[in-house]
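I opened this notebook to record what I looked up in one model, entry by entry. The aim was to follow single residues and the elements that hold them.

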Amino acid sequence: MTKNLFILTLISLYSLLLPAQVAVRQKLERTDIFIGEQVNLRVSVTAGRKAHIEFPKMADTLVHGVEVLDMTGVDTVQGENNRIIVSRDYLLTSFDSALYELPALGVLVDGKLYHAENSIGLKVSTVPVDTVNLDKASGPHGPVSLSFRWNKTLTWSSLLLWALFFAIMALLLRIKSHKPITRKVTIYPPKPAHEAALARIARIKETAETASPDILRKCFDELTEVLKAYLQERFGFETAQLTSGEIIRRLSDIDNAEALRELREVLTTADLVKFADMAASQSDTFRNLNEIGVFVSQTRLPDEALPRPEVREVLVGDKIGRLIRRLAIAFTVILVVAEAILLVCLCYVVYDCFA
């Protein structure tokens, strides 16, 4: 029992001391550079989460021959076991070729100094120089100005070049296909029966406003013709040789008793005026005109059932077809010439910039 308690105590103490362990590491980005090149030296510290860490504040020189140009800010990363990894980079360079030993840097953690595990070697090499052919050595180049700049003119010219190319390809494919040339024609249906009937009724009303009895009799005759023409076109049966009673029997399927009653009254009045020499008054004329207008509006085809305009493709005549083909060939030649000129101009602009 005492032995087990002792082991548990050691484990607890180890777990308490584990976060407090400190490790300092340093690493070079590269260990071999040329004179004047720069290299990063990273110093990282692994310590407890609440540890206070102070990195070394270096002067201009790390060791004789190795200069410190700059250092970055502190970077902190969360590690394992409630520990953190804190790092800082130092930018180094050297202007003397030699093999340098960078010492193990020390870091203060909670006031105690900890050093890196080992030192690092840095080799600085000279740039090879031809000391034999000195006359071939060229001096330093001055600043070179870039004469080529991509601007809006080149952008729009390039887009136009591609547009001409695709237009030429489309025309060549159309000319090569030898398909007959067609054009689209819109065929409009005739005016619906109800519109034609209502328009004629409106004209009859204008005539009947200031008409004599004889003219009113003619208005009744014309009203009968308008009604029969509408019924023939709307319901599809011949009305010229049918009597008023026969027309009513043909329309017995209409599910509108009120409309049939008004139609029967209009046809009866028209027969009396026409065959029985009944005097036609202006009020009777307008009443019958209005009743026929209501009947037409109630029995008309719905808008969705009306015929729509139809677009058809029709062949173009031979002469016009040959003319269009010749114009297409001529236009293609013009586009090819314009494409070639534009391409030559763009090539010259680019060549002139780098020549």
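The entries below go from the whole chain to a helix, its contacts, a sheet and the cysteines.

**Entry 1. Overall view**

I noted at the outset that the model is predicted. I looked up the confidence and found an average pLDDT of 78, with 81% of the residues scoring at least 70. I then turned to residues 12–19, where the pLDDT is below 50. That stretch has seven contacts in the model beyond near neighbours in sequence.

I counted the elements next: the protein has eight helices and 14 strands. Of its 355 residues, 29% are buried. I also checked how far along the chain the contacts reach. Taking contacts between residues at least 6 apart in sequence, I found that 69% join residues at least 24 apart.

**Entry 2. Helix α2**

I located helix α2 at residues 152–177. It has 26 residues, and its first and last C-alpha atoms are 38 Å apart, close to the 38 Å expected at 1.5 Å a residue. Which residues of α2 are buried? I listed L154, S157, S158, L161, L164, I168 and I175. For the spacing of such a list I kept one general point in mind: an α-helix has 3.6 residues a turn, so residues three or four places apart point the same way.

Just after α2 comes H178, and I recorded a positive phi for this residue, near 60 degrees.

**Entry 3. Two serines in α2**

I looked at S157 and S158 in turn, both of which appear among the buried residues of α2. S157 counts as buried because its relative accessible area is 16%, and the cut-off for buried is under 20%. A polar atom of the S157 side chain lies 2.7 Å from the backbone oxygen of T153. Leaving aside neighbours within four places in sequence, S157 is in contact with L342 and L346.

What does the side chain of S158 have 2.8 Å from one of its polar atoms? I found the backbone oxygen of L154 there. Not counting residues up to four places away in sequence, S158 touches W150 and L346. I therefore marked L346 as a contact of S157 and of S158, with the cut-off for contact being heavy atoms within 4.5 Å.

**Entry 4. L335 in helix α8**

I moved to helix α8, residues 318–354, which holds L335. Is L335 buried or exposed? I recorded L335 as buried, because its relative accessibility is 10%. Which residues does L335 touch, not counting those up to four places away in sequence? I found L164, A167, I168 and L171. Two of these names, L164 and I168, are also in the list of buried residues of α2.

I then checked a pair that lies 170 residues apart along the chain, L335 and F165. Their C-alpha atoms are separated by 8.3 Å.

**Entry 5. A three-stranded sheet**

I traced an open sheet of three strands in the order β4-β10-β11, with antiparallel pairing. β4 (53–54) and β11 stand at the edges; each has a single partner strand, so one side of each is left without a neighbour in the sheet.

I looked up the pairings one by one. β4 and β10 are joined by two bridges, and I53 has V109 of β10 as its bridge partner. β10 (residues 106–109) and β11 (residues 112–115) are joined by four bridges; here G106 has H115 of β11 as its partner.

The hairpin of β10 and β11 has two residues between the strands. One residue of that loop is D110, and its phi is near 55 degrees, a positive value in a residue other than glycine. I set this beside the general rule that most residues other than glycine have a negative phi. D110 counts as exposed because its relative accessibility is 54%.

**Entry 6. Cysteines**

I searched the whole structure for disulfides and found zero. C345 is in no disulfide, and the nearest cysteine sulfur, that of C347, is 9.3 Å away. Why is there no bond from C347 to C345? At 9.3 Å the two sulfurs are too far for a bond, because a disulfide needs sulfur atoms within 2.5 Å.

I closed with accessibility: C345 is partly exposed at 42%, and C347 is partly exposed at 47%.

Conventions:
Residues are numbered from 1 along each chain as its sequence is written. This is a predicted model: local features need pLDDT of at least 70, side-chain atom pairs count only at pLDDT 80 or more; totals for chains, interfaces and linings use all residues. Side-chain values use heavy atoms; hydrogens and water are left out. Two strands pair if DSSP finds at least two bridges between them. Buried means under 20% relative accessible area, exposed over 50%, partly exposed in between (1.4 Å probe, protein chains only). A polar contact is a pair of N or O atoms within 3.5 Å; within protein, one must be able to donate a hydrogen and the other to accept it, and residues adjacent in sequence count only if both atoms are side-chain atoms. pLDDT is the predictor's confidence in each residue, from 0 to 100. The expected span of a helix is 1.5 Å times one less than its number of residues.
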